[in-house]
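Welcome! Please take a look at the structure below, and then we will walk through it piece by piece.

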Amino acid sequence: MNFLERSTKRPSYWRVWLTFARNSLVREMSFRANFLITLATRLLWFCSMMIFFKVVFLKTRQINGWGEHEYFAFMATGMIINSLIETFFMANCTNFSEQIRTGNLDFALLKPIDAQFLISLEKIEWSVLSNLLFAGGLLFFSLHKLGIHFGITEMLAYLGFIGVGVSVFYSIMLVLTSASVWMGRNRGLHEFWFYVTVFSRYPRNIYQGSLGLPIYYLLSYCIPILLVVSIPAESLANRKVYDPHLAIVFICASLACLFISRLIFNYALTSYRSASS
Amino acid sequence: MSEIIVQNLAKTYQVYQKKEGLMAAARGLFKREYREVHAVDGIDFSIEKGELVAFLGPNGAGKTTTLKLLSGLIYPTHGSASVLGHTPWLRENAYRRRFALVMGQKNQLWWDLPAQESFRLHKEIYAVESDEFDKRLASLTALLNTEKLLGQPVRELSLGERMRMELIAALLHGPEVLLLDEPTIGLDVVAQRTIQEFLKQYQQEQQFTVLLTSHYMKDVAALCKRVIIIAQGKILYDGSLSGIVDRFSRHKLVTVQFSDTQDMPVLERFGQVMRSEPPRIQIQVERTEVPKVLSTLLDQYVLEDVTVEDRPLEEVIAEMFATVTTDPHRPEDDTG
Amino acid sequence: MITRIRVHWTILRISIEERLIYRADFALGTLLRFMPIVTTILLWQAIFNGVSPTSDSSKETTIDSYRFSDMVSYYLLVMLGRAFSSMPGLASGIAQDVRDGTIKKYLVQPIDLLGFLFWSRVAHKLIYYLVAAGPFAIMFILCHSFLPGWPDAGTLIGAIVALILGFIIGFLFEATVGLISFWFLEVSSLLFIVMMLNYFLSGHMFPLDLLPGPIRSVILFLPFQYLAYFPAKVLLGQLTQGELFQGLVVQVLWVIGLFFLARFLFSRGVRRYSAFGG
């Protein structure tokens with residue numbers, strides 16, 4: 001094959017991703033203790049949240065239209081979405097500021113492949129995915145208690161909304177990650193992430209009143225953080241509160257978020273490249 | 001057309017000036033002062049296909065910056081460059097597939113996995129055909145003697161072994177241009193030699209173009225016929241290795257051997273005495289003075305032997321760096 | 001003696017300078033601290049709305065003797081307590097230093113690591129208070145209708161002491177956790193667990209007295225309540241003089257205990273580290 005032919009070959013992004021998946025899995029399996037610890041940490045967090053809300057529901061009947069089992073279905077949905085983000089994206093984003101610091105980011109920029117793809121997806125933390133089992137269990141348990149029977153359409157819609165939620169969170173995470181180009185030492189993506197996603201932790205309709213409404217509009221129609229967990233959870237477990245128009249807003253906003261975050265990311269790379277020595 | 005063409009390329013940085021003291025730091029919250037650093041200050045050169053060129057210079061000379069410009073990693077402040085017909089900083093995928101950059105002491109292989117796995121990832125990213133990949137991997141591992149190391153996690157390899165793996169990774173996709181930034185830095189002499197010999201041989205076979213930066217003379221002497229000397233962002237010299245001494249050395253070394261019956265004379269008036277091991281004395285004489293000194297010595301003393309030679313290349317270059325840069329440069333640490 | 005003071009002052013000064021450099025990061029971090037409280041207030045508003053109405057409709061809805069305004073006050077005061085006792089990056093900083101070997105610098109030089117870190121933290125907190133005083137004041141003024149009146153002098157002094165002791169306990173605890181990295185290099189998961197437990201057990205997540213009896217007793221036995229719950233209760237005026245005094249005494253005991261634990265771990269850790277080389 002001559003040089004010209006070779007220079008026009010494109011990599012198969014699917015195969016590259018499969019190699020990422022395989023490499024990550026091989027790597028993780030060599031750290032067995034870590035696997036168990038990851039499992040334990042996430043579960044502990046979830047348990048403390050569950051204890052809290054069990055206690056709350058001892059003292060109150062409902063939270064703005066969410067009874068106990070609806071609420072636990074909501075929590076399970078949140079756990080699913082967060083597990084997906086942490087499995088596929090979080091390690092890469094925390095790694096990014098380290099790569100900038102060591103200058104290893106250069107290697108990513110040298111490769112004939114989309115930089116965002118390479119940087120976002122290279123390392124996968126399979127062990128976090130184990131939380132899905134627990135979350136799924138809680139979800140089905142709650143649906144059962146609510147007496148909700150769902151069909152294929154509902155489940156597909158639910159999974160679709162979860163995908164939309166994941167892309168919103170991914171976009172936000174990408175923007176936060178890009179910020180490390182300008183902010184020198186980034187204190188730790190984990191902390192920033194905690195503060196950003198805290199809004200998604202509760203159902204969207206608690207945001208009422210003079211304090212809540214502005215947040216509601218900003219974080220539903222602009223950056224739809226509030227909708228990330230609420231929409232999927234409502235579509236399956238709390239149809240009284242579900243609003244199809246809002247679902248459409250959700251989908252459109254997520255596409256906008258993906259687009260804008262990519263622009264910001266590319267701008268960050270350009271910045272890095274101007275300043276790098 | 002030349003494979004690499006660089007014209008008036010320049011890169012200037014704004015460096016934040018940090019001042020001492022609490023008040024200055026507080027002021028820094030609101031206003032920051034910057035100064036300009038001209039890392040690369042208008043350089044021109046061109047390189048033909050198949051050439052092995054060394055970029056030699058003290059620390060901070062602009063060698064790494066030049067390589068990064070040619071790799072497309074950074075934007076220039078002004079000027080142009082063309083590598084294989086592409087402008088590097090446009091970062092076209094077509095260009096990125098055709099060259100490779102290796103950075104000394106920086107590791108792109110997955111730390112916890114065997115190098116083998118990183119190579120496979122490379123294969124996918126660069127879309128190398130399986131049989132081409134297998135063949136090339138086999139020949140590279142054989143040449144670099146790393147067959148046994150392929151299955152070991154990269155973190156368990158020594159620095160020299162890791163560097164060899166990095167080289168393999170860089171060459172797996174068959175680049176036409178290989179850029180090496182201080183590839184042997186931090187390695188022991190044996191490891192350095194292994195890499196030098198490998199590069200020489202492999203380049204011979206594959207005929208790709210190599211541009212290598214170093215501040216080790218050994219790398220340069222072993223591999224390259226052509227040397228570009230760069231200091232403080234400017235090119236001082238571009239030509240053959242041997243030409244450097246002719247250009248830059250103002251002195252020659254005159255060694256005289258006296259017959260042992262005589263007392264050792266004092267020769268300081270002719271030049272600086274470099275070595276005195278009776279019955280031989282070596283003095284450093286200004287070039288233009290050499291004929292006069294020689295005839296004077298031959299007149300005044302009975303000499304058994306006289307040699308006139310050039311100063312060692314390392315010394316000439318070291319002196320050149322020292323005079324150009326105002327900061328003290330790091331001394332050459334060859335065991336030479 | 002004078003040289004000791006000068007050393008401490010220099011450390012303080014350098015730490016402050018270091019902090020000021022990362023100004024954007026710092027400013028943003030300070031702003032973000034206030035976000036969760038908004039969601040918490042809204043959550044509790046919804047929770048209180050959902051409480052079954054009692055027969056006596058003239059009385060305000062309460063949950064375990066907390067009115068909504070008490071609940072909001074609780075969270076505001078917990079924020080204050082956390083401003084004293086939270087130590088972001090302390091444990092992970094120590095772990096990182098051990099992992100990449102920069103800890104050697106402290107072992108070789110005649111600087112006491114724990115002392116250095118302590119004064120660094122003091123510096124950090126001072127800057128933080130400077131920057132955060134404004135937002136905090138605004139927050140408290142906006143919410144003044146929720147807050148109980150100013151406490152009396154005795155309670156106020158007790159609260160200040162509790163906050164300062166909370167700072168020390170927070171520091172010692174996080175430093176201790178960080179020191180564990182002398183034994184286990186990969187502590188990031190452990191740190192996460194600790195952070196979560198801290199959130200729950202310190203009363204940051206919700207008032208500890210909402211918990212059922214036996215669980216509550218166990219948790220109040222631990223030192224974590226002094227990081228947030230205890231100071232908040234003091235300032236809410238919900239403790240008697242006796243309870244306040246008792247709490248302070250227990251705090252001091254915890255400070256002493258944790259101090260010796262940290263020192264012990266440090267000397268053992270250094271010994272182990274030197275044995276393994278860097």
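Let us begin in chain B, with a pair of strands. Strand β1 of chain B, residues 4-17, pairs with β4(B) in the antiparallel sense, over 5 bridges. Within this pairing, Gln7(B) stands opposite Ser80(B), a residue of β4(B). Keep in mind that what you see is a predicted model. Strands of a sheet pair through backbone hydrogen bonds, and the pairing can be parallel or antiparallel.

These two strands belong to an open sheet of 3 strands in chain B, with the order β2-β1-β4 and antiparallel pairing. Why is one side of β2 and one side of β4 in chain B left without a neighbour in the sheet? Both β2 (33-47) and β4 (78-83) of chain B stand at the edges with a single partner strand each, so one side of each has no neighbour in the sheet. On average, and ignoring direction, neighbouring strands of this sheet are turned by 30 degrees against each other. A helix joins the picture too: α2 of chain B, residues 63-71, lies across β1, β2 and β4 of chain B. Its direction makes an angle of about 70 degrees with β2(B).

Now move further along chain B to another open sheet. This one has 4 strands in the order β11-β12-β10-β13 (chain B), with antiparallel pairing. Which strands are at its edges? They are β11 (272-277) and β13 (303-310) of chain B, and each pairs on one side only. Here neighbouring strands are turned by 20 degrees against each other on average, direction ignored. β11(B) pairs with strand β12 of chain B (residues 280-286) in the antiparallel sense, over 5 bridges. For a single example, Glu277(B) has Arg280(B) in β12(B) as its bridge partner. This sheet has a helix across it as well: α10 of chain B, residues 290-300, lies across β10 (251-258), β12 and β13 of chain B. That helix runs at about 10 degrees to β10(B).

With those details in hand, here are chains B and C side by side.

| Chain | Helices and strands | Span of the C-alpha atoms along the principal axes | Buried residues |
|---|---|---|---|
| Chain B | 11 helices, 13 strands | roughly 75 × 60 × 45 Å | 39% of 336 residues |
| Chain C | 12 helices, 2 strands | about 70 × 40 × 35 Å | 35% of 278 residues |

Reading chain C along its sequence gives the pattern α-α-α-β-β-α-α-α-α-α-α-α-α-α. The radius of gyration of chain C is 21 Å, close to the 19 Å from the globule rule for 278 residues, so chain C is as compact as a globular protein of that length. Contacts tell you how a chain folds back on itself. Among contacts in chain C between residues at least 6 apart in sequence, 82% join residues at least 24 apart. For contacts in chain B between residues at least 6 apart in sequence, 72% join residues at least 24 apart.

Finally, let us see where two chains meet. The contact between chains A and C takes 33 residues from chain A and 33 residues from chain C. On the side of chain A that touches chain C, the elements giving two or more residues are α3 (32-59), α9 (189-197) and α10 (209-222) of chain A. Which of them gives the largest share? It is α3(A), with 11 residues. By type, the residues on this side of chain A divide into 17 nonpolar, 11 polar and 5 charged.

Note on methods
Residues numbered from 1 in each chain as written. Chains lettered and ligands numbered in written order. Predicted model: local features only at pLDDT ≥ 70, side-chain atom pairs only at ≥ 80, totals over all residues. Pairing = 2+ DSSP bridges. Axes fitted to C-alpha atoms, helices over the stretch in contact; angles between N-to-C directions. Contact = placed C-beta atoms within 7 Å. Nonpolar A, V, L, I, M, F, W, Y, C, P; charged D, E, K, R; others polar. Buried ≥ 20, exposed ≤ 12 C-beta atoms within 10 Å, placed from the backbone. Rg over C-alpha atoms; globule rule 2.2 N^0.38 Å.
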